[in-house]
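Work through the exercises below with the sequence and the 3D structure at hand. Each task is followed by a solution in steps.

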Amino acid sequence: MNIPMLDLKAEYELLREEVEPAVLAALAACQYIGGPNVKAFEAEAAAYAGVRHAISCASGTDALLLALRAIGLQPGDEVITTPFTFVATASTILMCGAKPVFVDIDPGSFNLDLVQVAAAITPATRAIVPVHLFGQPVHLAPLRALCEKHNLMLIEDAAQSFGADYAGCKSGAYGDIGCTSFYPSKNLSAFGDGGLTLTDDDGLAAELRVLASHGSRQRYHHHVLGYNSRLDELQAVILRIKLKRLDAFNNRRIAIAEFYNRLLANLADQIETPFADGHGRHVYHQYTILSDRRDTIQKALTTAGIACAVYYPVPLHQQEMFAATHGHIRLPVTERTAARCLSLPISPMLKDEQIEYIAGVIRSALK
Ligand SMILES: *Cc1c(COP(=O)(O)O)cnc(C)c1O
């Protein structure tokens, strides 16, 4: 039985009847840029997230870059973030000429260690960028208190957590700006690239729109250095259809995670199953286990035709890209996690018998 990490084919079959005519209609309507589906998707996403403004852009990376530019990040500024994430969380800080400051993670949630965040604040700190890694909401209330005390901006990287809840807010709606991605593997995904920023602040929303359209407030008048970053009309058609199913898909991910937890419970001496820290609704973008025998498990799964992946094998403070600023620091919890983590297939389309099969292969590998 071959099992992929994420079964996009099964998902496509489920959506085909609704997606194909809608895409063809948008093709025939010929409003490829800034068309009615982009506007409708922005309104629907803002309503879903419970914020005043949702501004679409070309990718999750652009969403982060636009957010950092919108708060006025300057060379010499520092931004505190996690080293255990996808590179875009911190490369966008470098793109603004600012310095990412990596602090260690909490060993249970894999998210920023809040005590270390407080200790890393300096007079140069301008913002904190928490990542809701693998779909688990960061405990944001203490971070907001820190931001208020030190006059910092809170920018959520919600690329892996769209649809998660924290303190009565949707992921991305709690901070000053929330950023998400519609890359095909994400919980809400397009058939290509796409991204979104969320904010309740009218001024930041206006700035985000100006920056995404060549720094222009008035057509052919360019006020600041901006970008060309737009969500495609065809992707907006697909995202509108999928947004209606997001909660159902996320609920299925949660049920799959609970099933894995039960099946792996008797291996507790060799495997740590994901720890939901209770600070919100975890939507399991990834189901990630920890084990000293990670490589043995990975080999057995691969041999059995089951996909699995190490997210992330090299933490950002050890990446060449950040060597100039971070080559010397040690972040022991992050490094130990990177050496022991393994993400198992999780997809709303995964069937119970596939999950039982995966757990069975892991069980025999560890015998
Ligand atoms: C996917 C991802 C991004 C970047 O999104 P793209 O749409 O691929 O540019 C940023 N941060 C995190 C945590 C991600 O997982």
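**Exercise 1. Domain layout**

Task: State how far apart the C-alpha centres of domain 1 and domain 2 lie, and give the bounds of each domain.

Solution. The C-alpha centres of domain 1 and domain 2 are separated by 24 Å. Domain 1 covers 8–243 and domain 2 covers 246–365, with bounds that come from an automatic or database domain assignment. Residues are numbered from 1 along each chain as its sequence is written. The model is predicted, so local features need pLDDT of at least 70 and side-chain atom pairs count only at pLDDT 80 or more, whereas totals for chains, interfaces and linings use all residues; side-chain values use heavy atoms, with hydrogens and water left out.

**Exercise 2. The interface of the two domains**

Task: Describe the contact between domain 1 and domain 2 in terms of residues, buried area and polar pairs.

Solution. Step 1: 36 residues of domain 2 are in contact with 45 residues of domain 1, where contact means heavy atoms within 4.5 Å.

Step 2: about 3,500 Å² is buried between the two domains, and 65% of it is on carbon and sulfur atoms. Buried area is the accessible area (1.4 Å probe) that two parts lose on being put together, summed over both.

Step 3: 1 salt bridge is found across the interface, a salt bridge being a side-chain nitrogen of Lys or Arg within 4 Å of a carboxyl oxygen of Asp or Glu. Arg281 and Asp165 form a salt bridge with their closest N and O atoms 3.1 Å apart.

Step 4: between the domains, 19 residue pairs are in polar contact, both residues at pLDDT 80 or more. A polar contact is a pair of N or O atoms within 3.5 Å; within protein, one must be able to donate a hydrogen and the other to accept it, and residues adjacent in sequence count only if both atoms are side-chain atoms.

Step 5: on the side of domain 1 that touches domain 2, the elements supplying at least two residues each include helix 1 (8–29), strand 3 (99–102) and helix 8 (233–243). Strand 3 gives the largest share, 4 residues. Helices (H or I, at least four residues) and strands (E, at least two) are DSSP runs, numbered from the N terminus.

**Exercise 3. A pair far apart in sequence**

Task: Which parts does the salt bridge of Glu11 and Lys242 tie together?

Solution. The N to O distance in the salt bridge of Glu11 and Lys242 is 2.7 Å. Glu11 lies in helix 1 and Lys242 in helix 8, so the pair ties together parts 231 residues apart in sequence. The count of salt bridges comes to 17.

**Exercise 4. Around the ligand**

Task: Which side chains place an N or O atom by an oxygen atom of the ligand, Gln160 and Lys186 being two to check?

Solution. Of the 16 residues around the ligand (a heavy atom within 4 Å), those that come nearest are Gly60, Thr61, Asp157, Ser181 and Lys186. The distance to a ligand oxygen is 2.6 Å from a polar side-chain atom of Ser181, 2.8 Å from a side-chain N or O atom of Gln160 and 2.9 Å from one of Lys186.

**Exercise 5. Backbone geometry**

Task: Where is the cis peptide bond that has an omega of about 10 degrees?

Solution. The cis bond joins Tyr311 and Tyr312, and Tyr312 is in the loop between helix 10 (294–303) and helix 11 (323–326).
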